[in-house]
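Please find below my notes on the model, set out as numbered points. They are meant to be read with the structure open.

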Amino acid sequence: MENVPNEILRTPDWLVDHRGGRLRRLHARFGGALCGVPMRRDAYAGMCWLIDGAEVPLSAVRRSGRPVYTGRFSANGLTLALSLSYAADKAGRLTVSAALQNEADTATPPFRASLRLGFDTFLAQYPDYNDQLFPTLLRCEKTHLWGYFSSPSGRLLALFTDAPTASYTLDYEKNAQGIFTASLDLLQPGRLPARHPQGLDRLSAGEKKTWHVTLLPVGPLYGIGAIKPAIAAASLLPVLHAGRYTLAADEACRVTVFSRSPLPENTLTLNGPDGGTRRLPLEPDKPGVYRALFRAAGAAPGLYTARVRNAAGYEAEMCLFVRRPWSWYIQAARKAAADAPQKASTHAESWYGFYSAYTARRYFPDAVLDGRLERRFHEVYPLLYQSGTGLPLVQEDRIQNHSSMLGIFVCRYACTADIADLEQAHRLAELVLRFQREDGGFYKGDTDYTSVIYPAKSIMELVRAQLARAEDARIPPEDRALWRGRAERHMAALHRAMEHLVGLDGNFQTEGATASCYEDGANSCSAAQLSEFALMLAEDSPDRERYTEAARRILEKHASHEQALVPDCRMAGGTLRFWEAQYDVEMGGTPSAPRAQMMNSPHGWSAWNIYGLFHLYELTGEVRYLERGMNAMGACAQLMGLDGTLRWAFVPDPQRQTRVFVKDEAAAAQGRVAGRHAERTIGEEYVPMISSWWTAPPHTQVSGYTAMGGAVTQGAACDNDVHEVFKAMGELVLTKAYIAETGDGHFECYNASCTPDGEGLVVTPAEDVVSQVSVRLTRERAVAVRFSSGMTAGTVTPGKPRWICAAERPARAYKPGRPPRRKPNNEKTEADP
């Protein structure tokens with residue numbers, strides 16, 4: 001390599017050592033300080049050109065006083081010239097110019113041309129991973145790509161291109177829970193989502209294409225709300241945003257377009273599920289910001305796609321969804337739990353649908369479906385636990401199995417009021433407590449399982465039932481004392497567990513090959529448990545505030561693994577996990593991806609994050625948590641198709657080659673249950689359940705999964721973990737509505753409507769089943785709620801949300817075509833402070 005000067009860029013915002021073309025050292029200004037960006041030093045180093053996966057060597061030349069790195073590629077019918085260069089400007093942007101030219105006098109065949117970024121996104125070790133960037137969002141539009149990387153420590157690095165970019169690839173670790181780095185696929189053959197540029201996979205004779213890839217640090221730390229405006233201000237790209245991406249039939253949402261380039265028509269084009277098109281007028285708000293209002297009233301349930309094009313010729317797209325009532329989803333989940341039968345498996349994920357079964361039974365009794373599921377429960381449970389003692393027969397040390405079964409018995413007790421169910425829940429809690437050590441954590445061997453699913457939360461669910469029993473004046477005093485004593489013992493254990501989580505300061509362990517990596521579930525379950533326990537404590541308790549702040553810190557860091565900004569209702573709020581397909585739906589790999597890694601977002605476990613978001617809203621009154629939680633709940637709900645078909649998860653990756661496990665129809669015709677693996681390209685789509693046909697033999701205990709792509713045990717699958725979505729739905733939104741007054745006097749209403757009444761407020765829940773309304777106000781008001789059981793009124797002071805409650809009672813099932821609520825037939829006045 002010749003000696004070329006100026007291979008190290010230094011500006012107030014950047015230090016870029018790009019000797020030889022790669023980013024050998026990179027510093028960027030985050031939160032007011034110049035900070036190092038961890039880069040790969042191995043086979044995943046970058047930036048560099050890849051042609052069909054092969055790295056192209058580059059050498060430096062001097063052009064116009066600055067180094068440019070050039071190379072050639074001649075193979076596979078291709079004769080290409082490539083170049084790469086770096087430049088930083090006073091606006092804080094680092095721009096990488098990547099040029100590609102076909103030197104042949106004929107068109108190229110289809111090929112993949114990628115720019116590997118080289119950021120070290122494998123978050124393997126605490127505390128180093130706190131400052132590593134993770135690919136939180138990459139999104140292709142017809143005319144460009146945009147997105148951002150973020151770190152658990154709150155560093156935000158926006159990225160965008162100025163030309164059509166075919167796709168992107170995340171370089172997953174083949175056998176565990178990591179992503180090495182990411183690549184921009186500037187040209188990419190094969191099937192891609194419709195929103196992507198199509199046919200961008202070749203060059204004509206002599207054709208040259210250039211992409212300018214811009215990196216832009218965005219502040220402040222954790223300030224994700226600044227990312228979209230920053231991208232729009234630093235480019236000519238339009239960026240779309242909505243306050244809520246999933247709406248009920250009587251709700252509305254504000255849509256914002258950030259665009260420095262004017263919008264010639266000042267409209268959004270909206271395509272509905274029926275194929276119809278309409279236009280939403282956009283009103284200028286301030287320079288570079290336009291707003292529209294989408295009203296769901298009268299709109300059919302389904303997906304609505306909004307598009308905009310600005311004067312610079314750049315396009316952007318957004319997806320919104322009009323949902324059915326929450327009661328419809330709960331009842332559909334019960335049916336799905338029956339149609340994809342729960343299995344006596346080594347893993348709770350195979351029988352998690354009992355949560356949906358008992359939640360629906362509690363509020364919407366159905367003799368036929370409830371009977372089917374009750375028979376299934378009595379088949380499954382004895383294969384997992386001994387009758388009488390309740391001790392486990394399989395996986396004795398898999399703590400989350402026992403805590404999940406404990407939670408199911410609490411849910412079952414809410415339906416049956418059978419003390420035997422509560423007693424069994426208590427016995428399971430005592431079993432779980434055997435795994436608690438002196439430091440308060442729950443351990444399987446030497447691995448901390450305190451936040452693998454959520455053993456402490458399950459005990460909290462039991463404690464609430466125990467305390468209700470202890471306060472029930474209808475039972476003998478000695479029984480009440482017994483249940484109070486049990487609740488107090490469990491509360492003491494929970495205190496120890498919460499102290500343990502606080503003391504870890506984010507150094508959580510998880511289940512799997514990389515137990516100490518930064519992992520979605522370990523963090524979301526920790527925040528869920530801390531925040532839920534905080535709500536069980538008195539408002540003036542110092543521990544309540546301490547646990548609240550600990551949960552807040554965890555969720556702020558976890559935003560790096562949450563799709564908080566994607567303008568797509570199918571994914572908004574989904575958490576970023578990428579190793580479940582091999583276990584849950586027995587998806588097989590290919591030579592390039594033997595363990596079928598791909599983003600599963602949302603996945604059933606995305607609901608873990610939703611608990612923490614809702615709890616933090618209740619604890620702090622910060623509406624941003626409610627907004628994020630509701631968007632995530634809406635995306636998760638869409639895993640249930642409008643035809644009642646439950647899907648396992650959504651895959652945001654634009655293109656993954658894999659082997660899906662499908663029903664062997666020939667075997668089925670012979671009366672046998674069998675499956676086979678089929679080669680398939682999947683991308684930005686739902687993945688179906690397999691348990692509807694991949695059933696376990698009757699009265700047989702099976703493994704949760706087997707060969708990760710070579711399933712041999714009939715029925716082995718963990719796809720019923722999707723029912724965590726409906727467990728969260730039952731706890732957080734089915735019987736609850738939320739009214740939040742914002743600073744401008746606007747009311748954000750979820751699952752209810754509200755109408756000013758003089759100086760007061762009248763709230764009307766959307767469904768009969770709603771028995772609690774959370775009200776957050778900026779000034780004191782009298783609030784009356786028209787529950788289906790009658791009017792309840794109270795005075796709500798400004799500050800944190802307050803609940804107004806009615807007596808809970810079963811509600812009628814929602815039926816299409818029937819209004820989901822009825823007018824009250826009596827009135828009463830009481831308020832829960």
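1. Largest cavity. In this predicted model, 16 residues line the largest cavity, and L137, L138, Y168, Q563 and P652 are the ones nearest its centre. Two elements give two or more residues to this lining, namely β12 (134-140) and β15 (167-172). β12 provides the largest share, with five residues. The volume of the largest cavity comes to about 160 Å³. By class, its lining is made up of ten nonpolar, two polar and four charged residues. In total, the structure has eleven cavities of 30 Å³ or more.

2. A cis bond ahead of β12. The loop between β11 (113-116) and β12 contains P127. The peptide bond that leads from Y126 into P127 is cis, and its omega is near 0 degrees. Most peptide bonds are trans, so this one deserves a look in the viewer.

3. Second cis bond. A cis peptide bond also runs from G46 to M47, with omega near 5 degrees. M47 sits in the loop between β4 (33-36) and β5 (48-51). Here the residue after the cis bond is a methionine, M47.

4. Positive phi at N76. The loop between β8 (66-75) and β9 (78-88) holds N76. Its phi is near 55 degrees, which is positive although N76 is not a glycine. Most residues other than glycine have a negative phi.

5. Second largest pocket. This pocket encloses about 1200 Å³ of space. Its lining counts 43 residues, and those closest to the centre are G243, R244, R254, E627 and E748. What is the make-up of the lining by class? There are 21 nonpolar, eight polar and 14 charged residues.

6. Elements around that pocket. Several elements supply at least two residues each to the lining of the second largest pocket. The helices are α1 (227-233) and α13 (623-637). The strands are β18 (239-242), β20 (252-258), β24 (289-295), β34 (747-750) and β35 (752-757). Three of these strands, β18, β20 and β24, recur in the sheet of the next point, and β35 recurs in the one after it.

7. Antiparallel sheet. Four strands form an open sheet in the order β18-β20-β24-β23, and the pairing is antiparallel. β18 and β23 (283-286) are at the edges; each has a single partner strand, so one side of each lacks a neighbour in the sheet. Direction ignored, neighbouring strands of this sheet are turned by 30 degrees against each other on average. Within the sheet, β20 and β24 are joined by seven bridges in the antiparallel sense. V257 stands opposite Y290 of β24.

8. Mixed sheet. A further open sheet of four strands runs in the order β35-β36-β38-β39, with mixed pairing. Its edge strands, β35 and β39 (790-796), each pair on one side only. From one strand to the next, the twist averages 20 degrees. Which pairs show the two senses? β35 and β36 (760-765) pair antiparallel, over six bridges, whereas β36 and β38 (781-787) run parallel and are joined by three bridges. Two facing pairs can be picked out on screen: S753 is opposite T764 in β36, and V762 is opposite A784 in β38.

9. Hairpin. β35 and β36 make a hairpin with two residues between the strands. G758, in the turn, has a positive phi of about 65 degrees. G758 is a glycine, unlike N76, whose positive phi is in a residue other than glycine.

10. Helix packing. Helix α2 (326-339) packs against helix α4 (367-384) at an angle of about 45 degrees, and their axes are 10 Å apart. That angle makes α2 oblique to α4. The crossing of the two helices, α2 and α4, is left-handed.

Note on methods:
Residues are numbered from 1 along each chain as its sequence is written. This is a predicted model: local features need pLDDT of at least 70, side-chain atom pairs count only at pLDDT 80 or more; totals for chains, interfaces and linings use all residues. Side-chain values use heavy atoms; hydrogens and water are left out. On a 1 Å grid over the protein atoms alone, a cavity is a set of points where a 1.4 Å probe fits but cannot get out, and a pocket is an open set with protein on both sides within 12 Å along at least five of seven lines; lining residues have an atom within 4 Å of a point. Grid points are joined across faces, edges and corners, and a volume is the space filled by probe spheres set on the points. Ala, Val, Leu, Ile, Met, Phe, Trp, Tyr, Cys and Pro count as nonpolar, Asp, Glu, Lys and Arg as charged, and the others, Gly among them, as polar. Two strands pair if DSSP finds at least two bridges between them. Axes are lines fitted to C-alpha atoms, for helices over the stretch in contact, and angles run from 0 to 180 degrees between N-to-C directions. Angles under 35 degrees count as roughly parallel, over 145 as roughly antiparallel, 65 to 115 as roughly perpendicular and the rest as oblique. A crossing is left-handed if the near helix is turned anticlockwise from the far one by less than a right angle, and right-handed if clockwise.
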